[in-house]
2 protein chains.
Amino acid sequence: MKPSKVLMSDVAKAAGVARVTVSRVLSDPDSVAPATRAVVQEAVARLGYVPNLNAGTLASSRSRIVGAIVPTLSNAWFADTMDGLSKVLGAAGYQLLLGQTGYDADAEEKLVDAFLGRRVDAMVLTGTTHTAGVRTKLQKAGIPTAECWDLCDDPIDMVVGFSNEAAGEAVAVHLLAQGRRRFGFLGADEDRARKRLQGYRAAIARAGAGEVTTHSAAPPTSIDDGAAGLAQLLTVEPRLQAVFCSNDTLAMGALLECRRRGLAVPGDLSVVGFSDLPVAAACVPPLTTVRIASRELGERVGQLLARRMRREPDEVPRIHDLGFTLAVRESG
Amino acid sequence: MKPSKVLMSDVAKAAGVARVTVSRVLSDPDSVAPATRAVVQEAVARLGYVPNLNAGTLASSRSRIVGAIVPTLSNAWFADTMDGLSKVLGAAGYQLLLGQTGYDADAEEKLVDAFLGRRVDAMVLTGTTHTAGVRTKLQKAGIPTAECWDLCDDPIDMVVGFSNEAAGEAVAVHLLAQGRRRFGFLGADEDRARKRLQGYRAAIARAGAGEVTTHSAAPPTSIDDGAAGLAQLLTVEPRLQAVFCSNDTLAMGALLECRRRGLAVPGDLSVVGFSDLPVAAACVPPLTTVRIASRELGERVGQLLARRMRREPDEVPRIHDLGFTLAVRESG
DNA sequence: CTGAAAGCGCTAACAA
DNA sequence: TTGTTAGCGCTTTCAG
């Protein structure tokens with residue numbers, strides 16, 4: 001058959017021990033006498049034994065797999081989060097089963113079903129908005145679950161992120177302090193972007209600076225969406241003084257459009273992005289943006305989940321606010 | 001226990017049929033009489049039955065999981081490939097188990113072991129250089145395997161990519177045609193970048209244009225590596241006329257450094273990148289680069305693997321050259 | 001089209 | 001420390 005069909009019983013026979021002993025050498029070497037252990041390890045190596053982890057999972061109901069669901073890997077920020085998560089989990093002996101929703105809530109629920117069917121030991125979701133089914137299923141599965149890239153009061157289990165509203169507010173406050181009065185918002189049509197807009201709008205309203213001209217594009221958004229979006233915004237409000245883009249990709253498009261039109265940034269228009277991609281600092285002019293530590297976010301999720309899966313007695317807090325910082329550069 | 005403990009036998013009982021019948025309804029509905037099928041489906045829904053896929057895998061030795069290994073997800077090009085792969089596989093009913101090597105060949109072998117232990121139905125590797133163990137294990141596992149992002153004559157099973165040497169040559173030819181004579185290369189210290197350099201260097205040598213000044217940085221490379229690298233190159237060869245960077249990130253750094261030094265691009269120096277990230281076109285000046293269809297590459301791998309896993313009689317070719325194109329913009 | 005029997009390969013208890 | 005005895009929950013034959 002497939003992989004040379006070496007079974008644990010073959011190793012046991014070769015080593016002159018029982019199967020359990022082989023199993024122990026593999027999963028908890030210290031529980032076996034050094035001499036026995038050596039014999040078994042030699043047999044494992046000599047026969048090229050590859051344990052069937054599915055059988056192990058079935059018997060122990062622990063899979064050592066963590067399921068993670070993101071809208072798309074094409075956005076560098078989610079990819080970075082998965083990079084950090086995968087690195088930490090890998091080091092802790094877990095594997096990553098990854099799914100993409102394409103920003104579709106029903107797709108998310110299907111993935112949750114499939115992952116739960118694999119008996120994943122933990123789950124990672126993006127955002128805090130899910131179908132009712134996702135919530136229920138995950139809750140009754142009773143596995144550690146982390147929602148990330150946002151915050152909420154009542155997570156399924158844990159949330160790890162930052163407040164998108166607060167970030168939007170911070171941008172507005174920054175722009176208002178520069179004396180800007182006519183605001184625009186260029187956003188991806190998705191949940192977290194909408195929250196950023198809420199915060200932004202609220203702070204602007206509070207300052208009595210009037211309406212925010214908005215435009216949104218279907219995610220995943222591109223540089224071209226940003227350019228076209230800004231053009232649209234300027235059609236509606238030619239006197240625009242500042243635009244907050246819900247991600248750096250859109251902001252780069254906006255910058256591009258300004259260059260094409262000969263609009264001075266930040267002279268005529270302030271442009272602010274979100275997430276602080278590495279390119280943000282290399283843009284012309286360097287992009288002011290909200291810095292989110294995407295990779296660290298993933299690492300943090302990995303550490304928290306690993307702790308929970310170890311089932312140690314320590315209580316792990318449910319809400320983890322990692323915050324954000326405004327990276328003020330030249331564009332706004 | 002965990003998920004409400006609804007077993008297939010419970011569903012069978014509720015529906016008044018045998019377990020096999022439930023199994024059939026789930027895996028091959030058409031093999032069951034419509035009436036029976038309906039009863040079973042109703043019971044499945046009513047009880048909220050979630051099949052344990054691990055048990056299924058153990059019994060059938062088909063996991064419906066594909067393992068994929070990339071150096072890192074932090075590089076947009078690999079993330080895009082995984083995005084495409086995951087999308088296609090998901091649609092075909094497969095799940096993606098993802099691992100990162102951090103450009104470490106031994107890490108790759110460990111991941112292969114772990115994935116094989118899960119009895120993945122297929123494997124995807126990045127590049128064509130692997131430890132001997134990886135090759136042997138995958139071959140004797142006998143599962144469809146795709147190596148990608150490069151080409152070679154003797155793949156483990158299939159290769160899907162393009163010739164990195166040929167791409168390097170094409171860049172050199174393009175630059176030579178512009179009359180450039182003093183060449184530099186800025187590369188990540190990894191296999192595929194080295195192949196690009198080989199092709200580049202060969203074409204330059206063939207044209208009698210002398211030595212290539214090179215500098216390399218440890219991957220994953222950053223924009224800062226690109227800036228520092230160019231500075232280093234200019235120290236060694238101040239009269240540099242053209243620099244080929246092994247990826248767009250490095251090229252963006254080089255562009256940045258030129259701006260800082262007041263070097264005109266392409267007037268004083270041509271800068272060429274690799275992979276054609278979306279930002280390449282938005283750079284100042286727009287970056288000339290080698291376009292690789294990263295996402296399509298992943299989609300293609302997914303389709304090929306799906307075909308092979310279906311075990312249809314059609315022979316699938318082993319070598320798939322997807323090619324590349326030179327995206328000539330203003331930087332070189 | 002449906003069912004009965006026989007595992008898939010491993011780990012969890014418990015015993016020795 | 002090591003071994004024995006039972007399954008984990010499903011799918012595969014093969015009958016009926």
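This is a short tour of a predicted model, one selection at a time.

**Stop 1: the empty space inside**

Start with the holes. Rolling a probe the size of a water molecule over the atoms shows where empty space is left. Here the count comes to five cavities of 30 Å³ or more. Go to the largest cavity, which has a volume of about 190 Å³. To find its middle, select A:Ala282, A:Cys283, A:Val284, B:Ala282 and B:Cys283, the residues nearest the centre among the 16 that line the largest cavity. Now color α11 (248-261) of chain A and α11 (248-261) of chain B: these are the elements that give two or more residues to the lining. What kinds of residues make up the lining of the largest cavity? They divide into 14 nonpolar and two charged, with no polar ones.

**Stop 2: the nonpolar cores**

In soluble globular proteins, nonpolar side chains tend to be buried together. The largest nonpolar core in this model has 140 residues. Select A:Tyr200, A:Leu230, A:Val271, B:Tyr200 and B:Val271, which have the most contacts inside that core. Stay on B:Val271 and look at what surrounds it: leaving out residues up to four places away in sequence, B:Val271 touches a list of residues including B:Val243, B:Cys245, B:Ala251, B:Leu255, B:Leu287 and B:Gly332. There's also a second, separate core of 32 residues; A:Ile65, A:Leu116, B:Ile69 and B:Leu125 are among its members.

**Stop 3: A:Ser331**

Hop over to chain A and pick A:Ser331, in the segment after β12 (325-327). Is A:Ser331 buried or exposed? It counts as buried because its relative accessibility is 0%. Turn on side chains, and you'll see the side chain of A:Ser331 reach the backbone oxygen of A:Val271 at 2.5 Å. Beyond its neighbours within four places in sequence, A:Ser331 is in contact with residues including A:Leu255, A:Pro266, A:Leu269, A:Pro285 and A:Thr288.

**Stop 4: a helix and its cap**

Still in chain A, select A:Asn52, which caps the N-terminal end of helix α4 (residues 53-60). A side-chain oxygen of A:Asn52 lies 2.8 Å from the backbone nitrogen of A:Asn54. Then slide along to A:Ser61, just after α4(A), where phi is positive at about 50°.

Next, pick A:Ala105 in helix α6 (residues 105-117) of chain A. With 38% relative accessibility, A:Ala105 counts as partly exposed. Show A:His130 too: it is 25 residues away along the chain, but the C-alpha atoms of A:Ala105 and A:His130 are separated by 6.3 Å.

**Stop 5: over to chain B**

Select B:Val22, in helix α2 (residues 19-27) of chain B. B:Val22 counts as buried, since its relative accessibility is 0%. Leaving aside residues up to four places away in sequence, B:Val22 touches B:Met8, B:Val11, B:Ala12, B:Val17 and B:Val40.

**Stop 6: backbone oddities in chain B**

Which residues does a cis peptide bond join, with omega about 0°? Look at B:Pro219 and B:Pro220; B:Pro220 is in the loop between β7 (212-217) and α10 (223-236). Another cis peptide bond joins B:Val265 and B:Pro266, with omega about 5°. You'll find B:Pro266 in the loop between α11 and β9 (270-275) of chain B.

Finish with two positive phi values:

- B:Arg64 has phi near 60° and is in the loop between α4 (53-60) and β1 (65-70) of chain B.
- B:Tyr103 has phi of about 65° and is in the loop between β2 (95-100) and α6 (105-117) of chain B.

Notes: Residues are numbered from 1 along each chain as its sequence is written. Chains are lettered from A and ligands numbered from 1 in the order in which they are written. This is a predicted model: local features need pLDDT of at least 70, side-chain atom pairs count only at pLDDT 80 or more; totals for chains, interfaces and linings use all residues. Side-chain values use heavy atoms; hydrogens and water are left out. On a 1 Å grid over the protein atoms alone, a cavity is a set of points where a 1.4 Å probe fits but cannot get out, and a pocket is an open set with protein on both sides within 12 Å along at least five of seven lines; lining residues have an atom within 4 Å of a point. Grid points are joined across faces, edges and corners, and a volume is the space filled by probe spheres set on the points. Helices (H or I, at least four residues) and strands (E, at least two) are DSSP runs, numbered from the N terminus. Ala, Val, Leu, Ile, Met, Phe, Trp, Tyr, Cys and Pro count as nonpolar, Asp, Glu, Lys and Arg as charged, and the others, Gly among them, as polar. A polar contact is a pair of N or O atoms within 3.5 Å; within protein, one must be able to donate a hydrogen and the other to accept it, and residues adjacent in sequence count only if both atoms are side-chain atoms. A nonpolar core is a set of buried Ala, Val, Leu, Ile, Met, Phe, Trp, Tyr and Cys residues joined through side-chain atoms within 4.5 Å. Buried means under 20% relative accessible area, exposed over 50%, partly exposed in between (1.4 Å probe, protein chains only). Contact means heavy atoms within 4.5 Å.
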